[in-house]
Amino acid sequence: MNFEFDQSSPLYQQLANQLAEMIFTGVYQEGEQVPSTTQLSASLNINPATVLKGMNQLVALGLLEKRRGRGMFVTSGARKKLATKHRDDFYHNYVVAMVIEAKKLDISEEYLQELIKRGYQDDSQ
Amino acid sequence: MTVNELIIDHITKRYRRKTVINEVSFNLAPGKIYGLLGRNGAGKSTLLNIITNRVFPTSGMVTMGPQNINNNDAALGKMYLMSEVNMYQKSTKVKRMLADADSFYGKFDFENARRMLKQFGIDEGARFSNLSTGQKTATKITIALNVNAQYIFLDEPTLGLDVNYREAFYREMLRTYSEKPRTFVLSTHLISEVQQLVEDVLILHDGNIVINEPVEHLLERSYLITGPIKLVDEYTAGLKVNDTQTIGNLKEAAIIGELDDMRPIPDQVQIKRLDLQRVFTALTNKGGE
């Protein structure tokens, strides 16, 4: 587990995002149990109420499910949901941001498309 | 067992002419971790001593639910204060201290206490007075986290503890809290270390409680506006600025409150969030409020 926190957004939100990322990259597989609130709280030194709030957000998104008396598990279909969400986010986080930056730098639409094409052809990646 | 809220109701404490605590009112809910922050001499220890009936207020009262806690054994038996003051006799052994906590409060968790002492490298048979400063603190923490009380007040609980011991303490506190939720009130100077630990924060400044809210809410309304002096001044005009710093022709303005969403943010001006420590200094610097 490798969590990192900063001041950019509320802690529970960062925790939820990073747990979701771990589910997406397969650190926690579908059907697998994730650490309990108590475990996460003690190992990250975060108030259990904050951890719970983050976890509940993933429950609300259908990524985690409570199994009575056993704990929290990754739902089946969680990765697919995350993949869809990532694609939606891609437009807002990258495309929109890129266009704004391009306008600031006086980069024309045609030139930007050319740059994207060049990016696809770049062997160094 | 039902546990009532602890109500601190218009508490004032004066020593001769000096008002240390000024008409302070707030509630402590059962099962929550609070941070009590304040500068040196802000009155944190006095306040904790009043809540636990060790010091009498000049006016005001503390009640647990409907009952005044003054000389009320039932209410006082639900509160434990770990303070800097060592009230033990020189020859007292650690073992005896655990036994005392058990006889006063009952149901002391000896098993967990022994495990913690071992982790801190403290021998139960050792005399308290022979322990190092850090070990003394660790012993007191061990008692505080295992005593059978619903309200546990920790006055500077990390005094003399190195970073490894402090982390062990935070971990142990969260662990016992998860297992048996009860109220912890942490008074500390190490603000950045407790930011993630506490749910609500109380800031005591000049004898008044100036902040009493969840850390999350406080941080959500705390902003640092950075940029060229002129632009920062324009952007913050009319807003209540808590603290400023200038470096060359750059200015930082800390605002704890609302920004004006209608104002355009100039490109050269950045708005960031503050951490709890920066919020604290902004609110308690002289000249600030």
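Trainee: Which residues of helix α2 (residues 37-44) of chain A are buried?

Mentor: This is a predicted model, where local features need pLDDT of at least 70 and side-chain atom pairs count only at pLDDT 80 or more, while totals for chains, interfaces and linings use all residues. Residues are numbered from 1 along each chain as its sequence is written, chains are lettered from A and ligands numbered from 1 in the order in which they are written, and side-chain values use heavy atoms, leaving out hydrogens and water. Buried means under 20% relative accessible area, exposed over 50%, and partly exposed in between (1.4 Å probe, protein chains only); helices (H or I, at least four residues) and strands (E, at least two) are DSSP runs, numbered from the N terminus. In α2(A), the buried residues are A:T37, A:L40, A:S41, A:A42 and A:L44.

Trainee: Which helix of chain B helps to cover the buried residues of α2(A)?

Mentor: Contact means heavy atoms within 4.5 Å. Within chain A, the cover includes α1 (11-24) and α3 (48-60). From chain B, the cover includes α6 (163-179).

Trainee: Which residue follows α2(A), and what is its phi near?

Mentor: The residue after the helix is A:N45. Its phi is positive, near 55 degrees.

Trainee: Which residue of chain B forms a salt bridge with A:K53?

Mentor: A salt bridge is a side-chain nitrogen of Lys or Arg within 4 Å of a carboxyl oxygen of Asp or Glu, and the structure holds 16 of them over all chains. A:K53 counts as partly exposed, at 37% relative accessibility. A:K53 lies in helix α3 of chain A and its partner in helix α8 (residues 215-220) of chain B, so the pair joins two chains. The closest N and O atoms are 2.7 Å apart, and the partner is B:E216.

Trainee: Why are B:E172 and B:R175 separated by about one helical turn?

Mentor: Their side chains meet in a salt bridge (3.9 Å, N to O). B:E172 is buried, with a relative accessible area of 6%, whereas B:R175 is partly exposed, with 32%. An α-helix has 3.6 residues a turn, so residues three or four places apart point the same way. The two are about one turn apart because, in helix α6 of chain B, their spacing is 3 residues.

Trainee: Which residue meets B:E213 in a salt bridge?

Mentor: B:E213 counts as buried, at 14% relative accessibility. Its partner counts as partly exposed, at 23%. The N to O distance is 2.5 Å, and the partner is B:R221.

Trainee: Which residues are joined into one network by salt bridges that share partners?

Mentor: One pair in the network has come up already, as B:E172 and B:R175 meet in a salt bridge. The full network is B:R115, B:E172 and B:R175.

Trainee: What is the order of strands in the open sheet of 4 strands in chain B?

Mentor: Two strands pair if DSSP finds at least two bridges between them. Strand β1 (residues 6-15) runs antiparallel to β2(B), joined by 7 bridges, and B:L6 has B:L28 as its bridge partner. The sheet is antiparallel, in the order β2-β1-β4-β5. Each edge strand pairs on one side only, and these edges are β2 (18-28) and β5 (67-68) of chain B.

Trainee: Which residue takes a positive phi in the hairpin of β12(B) and β13(B)?

Mentor: Strands β12 (residues 243-247) and β13 (residues 250-256) of chain B are antiparallel, with 5 bridges. Across this pairing, B:D243 stands opposite B:A254. The hairpin has 2 residues between its strands, and the positive phi, near 60 degrees, belongs to B:G248.

Trainee: Is B:S83 buried or exposed?

Mentor: B:S83 is found in the loop between β6 (79-82) and α3 (94-105) of chain B. Not counting residues up to four places away in sequence, B:S83 touches B:R54, B:K140 and B:D155. With a relative accessible area of 9%, B:S83 is buried.

Trainee: How far apart do the C-alpha centres of domain 1 and domain 2 of chain B lie?

Mentor: Domain bounds come from an automatic or database domain assignment. Chain B is divided into domain 1 (6-214) and domain 2 (221-284). Their contact takes 11 residues from domain 1 and 7 residues from domain 2. The C-alpha centres lie apart by 35 Å.
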